Amino acid sequence: MATDKTFYLETFGCQMNAHDSEKVIGTLRQQGYRQVESEEDAGLILYNTCSIRDKAEQKVFHRLNDYKRLHKEGKRFGVLGCVAQQEGEKIFERAPYVSLVSGSASYRKLPEMLMRLEAGENRITGLDDRQTDETFETEFTARQNPYRGYITIIEGCDKFCSFCIVPYTRGKERSRTSSSVLNEARRIAEFGYTEIQLLGQNVNSYRDPEGKCSFAQLLAAVGQVPGIRRVRFTTSHPRDFTRDIVDAIDQVPTLCDHVHLPVQSGSARVLQKMARQYTPGWYLEKIAWIKAAKRPISLSTDIIVGFPGETADDFIQTMDLLAEVQYDCVFAFKYSARPNTPALTMIDTVPDEEKNRRLQALLDRQREIQRVNYSRHIGQVIEVMVEGANSAKGQIAGRSSQNKPVNFNWPQPIAPAPGAYLQVKITNAYPNSLVGEAV
Ligand code: 5AD
Ligand code: SF4
């Protein structure tokens with residue numbers, strides 16, 4: 001009976017995974033399951049995994065190892081997400097107490113897989129590889145984030161950058177219809193959310209199957225849904241970054257002042273080996289569009305250091321690009337060889353100590369850039385959306401439209417609720433956050 005069907009779900013990885021988990025939780029609840037807070041309390045233990053880099057992949061096997069003893073008490077284990085798709089049935093060899101292995105492209109079959117699990121089957125797989133044309137849409141999404149409603153508009157990836165596992169773990173690129181996206185946006189707004197984040201591995205590669213609108217038009221339309229005050233989107237691929245996205249941000253006030261545009265490297269040679277399909281010059285042209293906007297659009301990026309064959313000179317070109325663009329946030333990673341990817345066959349010429357050195361040099365330089373960028377806000381009054389309390393400092397934590405974290409003092413006994421908008425006067429700045437007083 002439904003009453004003893006309990007599950008525990010832990011999520012690793014990106015926002016796509018976090019939102020997939022919201023949909024998985026909703027689907028499980030619909031099937032009569034109740035979510036619990038610890039592995040010990042659950043009948044079904046699920047891990048939604050990430051395999052973008054080696055370290056992320058190892059986490060699930062550590063977790064399984066930590067809790068495998070619970071299998072003796074009759075608890076069942078399921079591995080979902082990118083490691084599930086990547087490793088497939090090999091997971092049953094490595095962790096024989098796992099009963100369910102499913103990649104994200106098979107989640108629409110979850111109700112059926114759960115029924116087989118309940119019937120006592122032990123090696124259930126949902127491994128759709130790159131075959132599926134379908135997206136995972138459900139009206140039962142159990143939204144976990146108190147202030148931000150996620151909407152996946154495009155799943156999968158067809159770009160095949162030579163370092164990246166995503167095209168193999170999340171299947172081929174497939175977009176939802178714009179009508180279905182807009183319906184979900186309206187539902188979210190009616191539910192009380194004022195911030196929406198549109199998601200996709202390459203969100204701006206969106207192509208409406210109904211042919212009604214471009215990505216920029218969809219973005220603008222979501223921004224015009226009554227009740228919505230902030231719209232974000234992630235992650236954009238430079239190749240598909242069109243000028244009308246900047247025009248939309250200029251024209252629709254609810255679209256946030258922020259673009260995340262992963263560059264990966266500042267060297268044309270490395271970019272070519274990465275199969276990124278652009279040169280630094282071409283990328284910088286998109287940056288110039290963004291900087292020419294009427295609104296102060298903040299920029300962030302992803303960078304990989306130590307890609308196979310990256311020379312000291314290639315790395316200097318990446319450092320030069322940082323100096324030129326002046327990002328407000330950089331996610332930098334050491335190259336990590338991934339199974340099945342083309343880069344795996346390239347000779348990894350950069351020793352690990354050198355990768356560490358380059359990573360540190362890059363982070364140090366970027367910190368100085370951000371120190372200057374963030375300090376420019378001192379004295380300004382900024383609209384902040386409350387995210388929660390910063391308990392270590394007794395402050396309220398929130399975010400600006402530009403996606404900058406803002407911590408501020410709050411004089412009254414009752415803290416503002418997550419999702420509230422306040423004006424904050426900035427009194428101090430660090431390289432990664434602003435500090436202020438509510439006005
Ligand atoms: N090694 C290191 N970083 C990677 N990324 C993707 N694949 C790898 C890899 N094999 C980084 C890229 C991407 C971000 C999500 O993760 O910078 O934009
Ligand atoms: Fe990790 Fe990529 Fe999968 Fe997200 S899509 S969970 S980043 S491997």
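Throughout these legends, a residue is called buried when its relative accessible area is under 20%, exposed when that area is over 50%, and partly exposed in between, as computed with a 1.4 Å probe on protein chains only. The model is predicted, so that local features need pLDDT of at least 70 and side-chain atom pairs count only at pLDDT 80 or more, while totals for chains, interfaces and linings use all residues. Residues are numbered from 1 along each chain as its sequence is written, chains are lettered from A and ligands numbered from 1 in the order in which they are written, and side-chain values use heavy atoms, with hydrogens and water left out.

**View 1. The domains of the chain.** The protein chain is divided into domain 1 (6-126), domain 2 (148-374) and domain 3 (381-438), with bounds that come from an automatic or database domain assignment. Between domain 1 and domain 3, the C-alpha centres are 36 Å apart.

**View 2. The shell around ligand 2.** Cys14, Asn17, Thr49, Cys50, Ser51, Ile52, Cys82, Val166, Arg170 and Gln201 surround ligand 2, a residue being counted as near when one of its heavy atoms lies within 4 Å of the molecule. Domain 1 (6-126) and domain 2 (148-374) each contribute at least three residues to this shell. By class the shell comprises five nonpolar, four polar and one charged residue, where Ala, Val, Leu, Ile, Met, Phe, Trp, Tyr, Cys and Pro count as nonpolar, Asp, Glu, Lys and Arg as charged, and the others, Gly among them, as polar.

**View 3. The second largest pocket.** This pocket has a volume of about 570 Å³ and is lined by 29 residues, of which Pro296, Ile297, Ser298, Gln402 and Lys404 lie nearest its centre. The elements giving two or more residues to the lining are α11 (280-291), β13 (298-305) and β15 (381-390), and β15 gives the most, with three residues. Helices (H or I, at least four residues) and strands (E, at least two) are DSSP runs, numbered from the N terminus. Because domain 2 (148-374) and domain 3 (381-438) both give residues to the lining, the second largest pocket lies between them. Its lining has eleven nonpolar, nine polar and nine charged residues. On a 1 Å grid over the protein atoms alone, a pocket is an open set of points where a 1.4 Å probe fits, with protein on both sides within 12 Å along at least five of seven lines, and lining residues have an atom within 4 Å of a point. Grid points are joined across faces, edges and corners, and the volume is the space filled by probe spheres set on the points.

**View 4. Salt bridges between helices and between loops.** A salt bridge is a side-chain nitrogen of Lys or Arg within 4 Å of a carboxyl oxygen of Asp or Glu, and the count by this rule is 36. Aspartate 314 and arginine 269 form one, at 2.5 Å from N to O; aspartate 314 lies in helix α12 (residues 312-325) and arginine 269 in helix α10 (residues 268-273), so the pair ties together parts that are 45 residues apart in sequence. Aspartate 314 is buried at 3%, whereas arginine 269 is partly exposed at 39%. Lysine 404 pairs with aspartate 328, their closest N and O atoms being 3.1 Å apart. Lysine 404 is in the loop between β16 (395-400) and β17 (405-409), and aspartate 328 is in the loop between α12 and β14 (329-334), 76 residues apart. Lysine 404 is buried, with 3% relative accessibility, and aspartate 328 is buried at 9%.
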